Amino acid sequence: MELIKDLPDRLLFAIPKKGRLHSACLSLLEGADIQFHRKNRLDIALVKNLPIALVFLPAGDIAKFVGEGNVDLGITGQDMVAEAEAQDKITEILELGFGKCRLCVQVPVKGGAASVDDLVGKRIATSFEGVSKKFFDEIDVKTAAANGTAGTAAEKKTELVFVSGSVEAACALGLADGIVDLVESGETMQAAGLHDIVTILSSQAVLLASKKPKHPELVQTIAGRIKGVIAAQKYVYINYNVERKHLKEASIITPGRQAPTVSPLENPEWVAVSSMVLKNNVAQTMDDLEAIGACDILLFAIQNCRV
């Protein structure tokens, strides 16, 4: 990490060094044409085609480094931003669409609490101490006010137990009555005999920027490239031929972002049409085009775009 001091002219871009966001981040960087080679066991990589240095950090530390201005850009989860209490210190540029999950209160399916109110005064295991404390402090205050025990010896306080990993095992091992942990598919939760009773927050990976970046123009360049990659993942490019008399119908089927591109063909009764269409609806789009007599329908993947 001493190398960072010798890089005043490079934008520092923090990337999760491992975990659930790491591989998706690498794919995103590749799509944005950020070219680098990371040497084995080295947490800094110099970008070859731009004045950028990638810094590989634990995902939980990135929001803090961006918020304090130690790095200009970073990618991490919204859950990590909340845990670092960095919401007011960073600029969230873009939601990236991967790493989606929920931070939930979970209890045993058999014999567990029916609601979060039933957990007041109990033990909660979590690795999200900051978010969990804020959440349960509010529940404790609300419950005490309802029971008339606020400020008395009878007022109950929920106890948080920090666990750095395998949080889902805490209830079965008798360490806690409930947990606060991330839920993605829910398979791990179900395998541990747990179910969620409330969602504290929903999260996904986001691109963050410092409030006072040292390289603001380069921040905008990288943000634009990454926005293009995200947009490209949602669309494909379709090209087809259709009779001119059906052009109005075809334009309704493939309206594009602004309007479809229409080009004349040697046969004046026909035109070629090109348009961006949503990837998740492309099969239906092709069916609809074929139904109005369109032919030579071709699809092309989009690697990047600016919309």
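**Notes on the predicted model**

1. Glutamate 85 is a good place to start: this residue sits in the loop between helix 3 and strand 5 (90-95). The model is predicted, and in it glutamate 85 takes a positive phi of about 50° despite not being a glycine. Is the residue buried or exposed? Glutamate 85 is exposed, since its relative accessible area of 56% is over the 50% cut-off.

2. Aspartate 296 also deserves a look. Here too phi is positive, about 50°, in a residue that is not a glycine. Aspartate 296 belongs to strand 15 (residues 295-301), whereas glutamate 85 is in a loop.

3. On to the largest pocket, which holds about 460 Å³ of space. Its lining takes in 16 residues, and those nearest the centre are Pro58, Ala59, Gly60, Met80 and Phe128. Which elements give two or more residues to that lining? They are helix 2 (59-67) and helix 3 (78-83). If you have just been looking at glutamate 85, note that its loop runs between helix 3 and strand 5.

4. For the annotations, UniProt has an unreviewed entry that places "domain: ATP phosphoribosyltransferase catalytic" at residues 59-228. In the model, that stretch is 31% helix and 29% strand. The C-alpha atoms at its two ends are 24 Å apart.

5. The unreviewed UniProt entry also carries "domain: Histidine biosynthesis HisG C-terminal", covering residues 232-304. For this span the model gives 27% helix and 40% strand. How far apart do the end C-alpha atoms of residues 232-304 lie? The separation is 5 Å.

6. There is a nonpolar surface patch to check as well: Tyr237, Leu298 and Phe300 together make about 270 Å² of it. Tyrosine 237 is located in strand 12 (residues 235-243). With a relative accessible area of 32%, tyrosine 237 is partly exposed; that value clears the cut-off of over 30% for patch residues, so tyrosine 237 can count towards the patch.

7. Last, glycine 165. You'll find this residue in the loop between strand 8 (159-162) and strand 9 (178-183). Its relative accessibility is 35%, so glycine 165 is classed as partly exposed. What is the C-alpha to C-alpha distance between glycine 165 and threonine 126? The two are 8.6 Å apart in space, with their positions 39 residues apart in sequence.

How values were computed: Residues are numbered from 1 along each chain as its sequence is written. This is a predicted model: local features need pLDDT of at least 70, side-chain atom pairs count only at pLDDT 80 or more; totals for chains, interfaces and linings use all residues. Side-chain values use heavy atoms; hydrogens and water are left out. Patches are made of residues with over 30% relative accessible area and no salt bridge: like charges are joined within 9 Å, nonpolar side chains (Val, Leu, Ile, Met, Phe, Trp, Tyr) within 5 Å. Accessible areas come from the Shrake-Rupley method with a 1.4 Å probe; for residues, only the protein chains shown count as cover. A salt bridge is a side-chain nitrogen of Lys or Arg within 4 Å of a carboxyl oxygen of Asp or Glu. Helices (H or I, at least four residues) and strands (E, at least two) are DSSP runs, numbered from the N terminus. Buried means under 20% relative accessible area, exposed over 50%, partly exposed in between (1.4 Å probe, protein chains only). UniProt positions are given in the numbering used here, feature names are shortened, and annotations may be inferred rather than shown by experiment. On a 1 Å grid over the protein atoms alone, a cavity is a set of points where a 1.4 Å probe fits but cannot get out, and a pocket is an open set with protein on both sides within 12 Å along at least five of seven lines; lining residues have an atom within 4 Å of a point. Grid points are joined across faces, edges and corners, and a volume is the space filled by probe spheres set on the points.
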